[in-house]
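Opened a new structure today and wanted to see how its inside is put together. Notes below, in the order I looked things up.

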Amino acid sequence: MDTFTYHNPTRIHFGEGQIAAIANDIPKEKKVLVLYGGGSIKSNGVYEQVAQALNGHNWGEFAGIEPNPQYDTLMKAVEMIKTEGFDYLLAVGGGSVVDGTKFIAAAAAYEGDDPWHILSQQQQVNSAVPLACVLTLPATGSESNMGAVVSRGTTKLAFMTPFVQPQFAVLDPQTTLSLSPRQVANGVVDAYVHVMEQYLTFPVNAKVQDRFAEGLLLNLIEEGPKALATPNDLDVRANIMWTATQALNGLIGVGVPQDWTTHMIGHELTGHYGIDHARTLSIVLPAVMQARREDKAEKLLQYGARIFGITEGTADERIDAAIAATIAFFKQMEVPTALSDVELGDNDIDVIVASLEQNGMAALGEHGKITLAESRRILETAR
């Protein structure tokens, strides 16, 4: 296990009725900007609960943050903050709203010429407007980490800084009951792949991280299909919500190698073709597992044995079975597992590889050995 320092300062309020905790967690002297997406929070009761909790605060709102939040939209919120003097941000929604709010928080305090450079040039962030969130779609883990992903046209880029770590997050499973089956499935798959990209690399004798990761994977395999079959089961939603947060709050990733190839390729598929983020991951991950099976052999065998009970056969047969079981789980969650499932082919592979090159993604993987040629091979495997 590698050396590490771990600190997660986000305070979590978990469970029904916890939106009320906002009242005490945001200082009364702050001018609060509530940010959200398309307005579903006004039909499912969340907006009303937030408004009630903010009674006594000076607050306003900004609506319209898209799935895969767009830079131009976010910059409108930045202008609003500067013009009207908001000094605390509250994101209410799923991972896209939280990610967008993180960028807004950094951009509003940015002293450089162009806030896009935070993403395109990885310019250092030295301060940000403080923020918190009310999560309504468990998936990304953004509610308790310091990362965010933002789009500008077809370009989708990430940045990380502790300055945008949410001060607190409200996780009320009741808020997820109005999600569509597609949103539920996407959330489960997104969380699953987050775990896999921190787990499926090579052994470094990090037994705690491995066992935590495996527990999260087993939870998602067990609870994911239930969420589709029994959509009003609050216990199922609670377990999925907490699992998704644990999947990317930094804990299972400390001291271990990580491989975010699936996400980097997936971002390009979303940017160019508008495919749901999680659905790009369910397409790419099995292909990464297949194309990188030699480098990942030890962990693939461990994954197969501990997650799916695959212990019989040769090493190659067990790896094949582990990949097949992963695909079967994704299909059970009703997400695509091949490029052909979303009507993409060879010409589209050319587009994605060219975009990877343009965005500097030419040395991916836990060893930095996944070249553009290897990324092409992964995409060809995903056909």
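These entries go through the cores, one helix, one strand and one helix pair.

**Entry 1: the cores.** Note to self before anything else: this is a predicted model. I started with the largest nonpolar core, which has 39 residues. Which of its members touch the most others? I got Y192, M196, L217, M289, Y303 and F330. Then I looked up which helices feed this core. At least two residues each come from α6 (181–199), α7 (207–229), α8 (234–247), α10 (277–291), α11 (297–308) and α12 (315–332). The top contributor is α6, with ten residues.

I picked F330 for a closer look. Skipping neighbours within four places in sequence, I found F330 in contact with V189, Y192, V193, S282, L285, P286, V335 and T337. Apart from this core I found another one, made of 38 residues, and F103, A107, L119 and F159 are among them.

**Entry 2: helix α6.** Since α6 gives the most to the largest core, I checked how covered it is. I count 16 of the 19 residues of α6 as buried. I also ran a quick length check. At 1.5 Å a residue, the 19 residues of α6 should span 27 Å, and the end C-alpha atoms are 27 Å apart, so the two agree.

**Entry 3: strand β5.** Next I went to β5, residues 131–135. Buried or exposed? All five of its five residues are buried. I then sorted them by direction: L131, C133 and L135 point one way, while A132 and V134 point the other way. Both sets are buried.

What does β5 pair with? Strand β4 (residues 88–93) runs parallel to β5, and five bridges join them. Strand β8 (residues 168–171) also pairs with β5 in the parallel sense, over three bridges. C133 is a handy marker here: A91 has C133 as its bridge partner in β5, and C133 stands opposite A169 in β8.

**Entry 4: α10 against α14.** Last stop was a helix pair. I went for two values, as packed helices are described by the angle between their axes and the distance between the axes. For α10 and α14 (residues 372–381), I read an angle of about 115° and axes 8 Å apart. The crossing of α10 and α14 is right-handed. Which residues make the contact? From α10 I listed V284, A287, V288, Q290 and A291, and from α14 I listed E374, R377, I378 and T381. I also noted that α10 is one of the helices supplying the largest core.

Definitions and conventions: Residues are numbered from 1 along each chain as its sequence is written. This is a predicted model: local features need pLDDT of at least 70, side-chain atom pairs count only at pLDDT 80 or more; totals for chains, interfaces and linings use all residues. Side-chain values use heavy atoms; hydrogens and water are left out. A nonpolar core is a set of buried Ala, Val, Leu, Ile, Met, Phe, Trp, Tyr and Cys residues joined through side-chain atoms within 4.5 Å. Buried means under 20% relative accessible area, exposed over 50%, partly exposed in between (1.4 Å probe, protein chains only). Helices (H or I, at least four residues) and strands (E, at least two) are DSSP runs, numbered from the N terminus. Contact means heavy atoms within 4.5 Å. The expected span of a helix is 1.5 Å times one less than its number of residues. Two strands pair if DSSP finds at least two bridges between them. Axes are lines fitted to C-alpha atoms, for helices over the stretch in contact, and angles run from 0 to 180 degrees between N-to-C directions. A crossing is left-handed if the near helix is turned anticlockwise from the far one by less than a right angle, and right-handed if clockwise.
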